[in-house]
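User: I am new to this structure and would like a close look at one part of it. Could you walk me through it in plain words?

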Amino acid sequence: MFAKLTNEAILTFNLKNEGPLLINSGAAAKIHPRPDMSFVRTVHNGEETVYLPGSSIKGVFRSRYEQVMKALGKKACNPLDPKEKDSCNSREERTANKSRDGEQRYIKSCEACKLFGSLSLGGRLSFGDAYPVGEWKMGMRHGVGIDRITGASFPGALFDIETLENGTFAVTCKITNFKLYQLRAVLWVLEDIHEGLVTFGMGGSRGNGQMRIANDADVELVYRKYTDEAPSLEGEKKDALFGSQVNISGLKSILEALNINNKKALLDAIESEVKS
């Protein structure tokens, strides 16, 4: 499946939070003198900073991608759901896949695992960690446990939550050896994020985690074509090594280059191209 590089796309964009955001650091909060729930941190360019883990971004994209594919009537499993016995990560499926080559494993996988990967199949899409661009500001929220019987506050259950109140993160997404409908579906997810239909981190039901594509950011698509399978894109440049390459700035411009003018047209294109 990856023995030959046929095409790749690199999407670069900035994500800016529209309200409180918490990517919980988990066990790290017990080491540092910080609130009960603190934002994940790391060291970047010699300084401690908050960041968005690539795995967290990929998880958000996969969850929405599964919903899109299910809306089209296609199989898209949740590999972390123990109740889903026919998922691509189930023991039965992994055992059956041992006797299949890469192409057959791909064919037998659901639409989500074809792009994001599973325990028996490498993923075509990857995200790097996203670091802040410019200044960022933290805030503090307070919470209290609720008695499920009385509906009143639970004594002694007060906790503190550290949230990011203002920040912009540079994100890079790379898709290798993709089908055109997969690229279209990723762009669909990107639009859903920008429209506030998808949330990041903890507390989405409380209004946390709203993000959008920053107005001052570019969504850049680099498309390298080695075969004639993909359609020609407006503005592409011929190259002796890569076949063709096109750099497009702005999400709207990318959709227009793929002959997509609105989300209805995008959904229709995905539905007509995705294989059963």
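User: Are helix 1 and helix 5 roughly parallel or roughly perpendicular to each other? Please take helix 5 as the part to look at closely, and show me what surrounds it.

Analyst: Happy to help. Please keep in mind that this is a predicted model. First, a little orientation. The chain has 276 residues, and 45% of them count as buried. Its fold is built from seven helices and 12 strands. Among contacts between residues at least 6 apart in sequence, 68% join residues at least 24 apart.

Now to your question. Helix 1, residues 54-71, packs with helix 5 at an angle of about 115 degrees, and their axes are 10 Å apart. Angles of 65 to 115 degrees count as roughly perpendicular, and the two helices are therefore roughly perpendicular to each other. Their crossing is right-handed. On the helix 1 side, the residues that meet helix 5 are Phe61, Arg64, Tyr65, Val68 and Met69. Their partners in helix 5 include Tyr181, Ala185, Trp188 and Val189.

Next, helix 5 itself. Helix 5 covers residues 180-194, which makes 15 residues. At 1.5 Å a residue, a helix of that length should span 21 Å, and the end C-alpha atoms are indeed 21 Å apart, so expectation and model agree. Helix 5 is mostly covered, with 13 of its 15 residues buried.

The stretches on either side of helix 5 have something to show as well. Asn177 lies in the loop between strand 8 and helix 5. Its phi is near 50 degrees, a positive value in a residue other than glycine. Asn177 counts as buried because its relative accessibility is 6%, and the cut-off for buried is under 20%. Just after helix 5 comes Gly196, with a positive phi of about 80 degrees.

Helix 5 has another helical neighbour, helix 7, which covers residues 263-273. These two pack at an angle of about 150 degrees, with their axes 9 Å apart. Angles over 145 degrees count as roughly antiparallel, and helix 5 and helix 7 are therefore roughly antiparallel to each other. Their crossing is left-handed. From helix 5, the residues involved are Leu180, Tyr181, Arg184, Ala185, Leu187, Trp188, Glu191 and Asp192. They meet Lys263, Leu266, Leu267, Ala269, Ile270 and Glu273 in helix 7.

A good residue to pause on is Ala185, which sits in helix 5. With a relative accessible area of 1%, Ala185 is buried. Leaving aside residues up to four places away in sequence, Ala185 touches Tyr65, Met69 and Ile270. Tyr65 and Met69 belong to the helix 1 side of the packing, while Ile270 is in helix 7. The C-alpha atoms of Ala185 and Leu266 are separated by 8.1 Å, although the two residues are 81 residues apart along the chain.

Met69 is worth following too. Again leaving aside residues up to four places away in sequence, Met69 touches Lys74, Ala76, Glu111, Tyr181, Ala185, Ile270 and Val274. Met69 is also one of the residues with the most contacts inside the largest nonpolar core, along with Phe39, Leu52, Phe61 and Tyr65. That core has 60 residues, and helix 5 gives the most to it, with nine residues.

Let us finish with helix 1, the partner in your question. Its 18 residues should span 26 Å at 1.5 Å a residue, and its end C-alpha atoms are 26 Å apart, so here too the two values agree. The buried residues of helix 1 are Gly54, Ile57, Val60, Phe61, Arg62, Tyr65, Glu66, Val68 and Met69. These pack against helix 5 and helix 7, and also against helix 4, strand 1, strand 4 and strand 8. Just after helix 1, Gly73 takes a positive phi of about 80 degrees.

To put the picture together, helix 5 is mostly covered, roughly perpendicular to helix 1 and roughly antiparallel to helix 7. Ala185 makes a handy place to start when you turn to the model, as Ala185 touches Tyr65, Met69 and Ile270.

Note on methods:
Residues numbered from 1 in each chain as written. Predicted model: local features only at pLDDT ≥ 70, side-chain atom pairs only at ≥ 80, totals over all residues. Heavy atoms only, no water. Helix = DSSP H or I, 4+ residues; strand = E, 2+ residues; numbered from the N terminus. Expected span 1.5 Å × (residues − 1). Buried < 20%, exposed > 50% of the residue type's maximum accessible area, 1.4 Å probe, protein only. Core = buried A, V, L, I, M, F, W, Y, C linked by side-chain atoms within 4.5 Å. Contact = heavy atoms within 4.5 Å. Axes fitted to C-alpha atoms, helices over the stretch in contact; angles between N-to-C directions. Parallel < 35°, antiparallel > 145°, perpendicular 65-115°, else oblique. Left-handed = near helix turned anticlockwise from the far one by under 90°.
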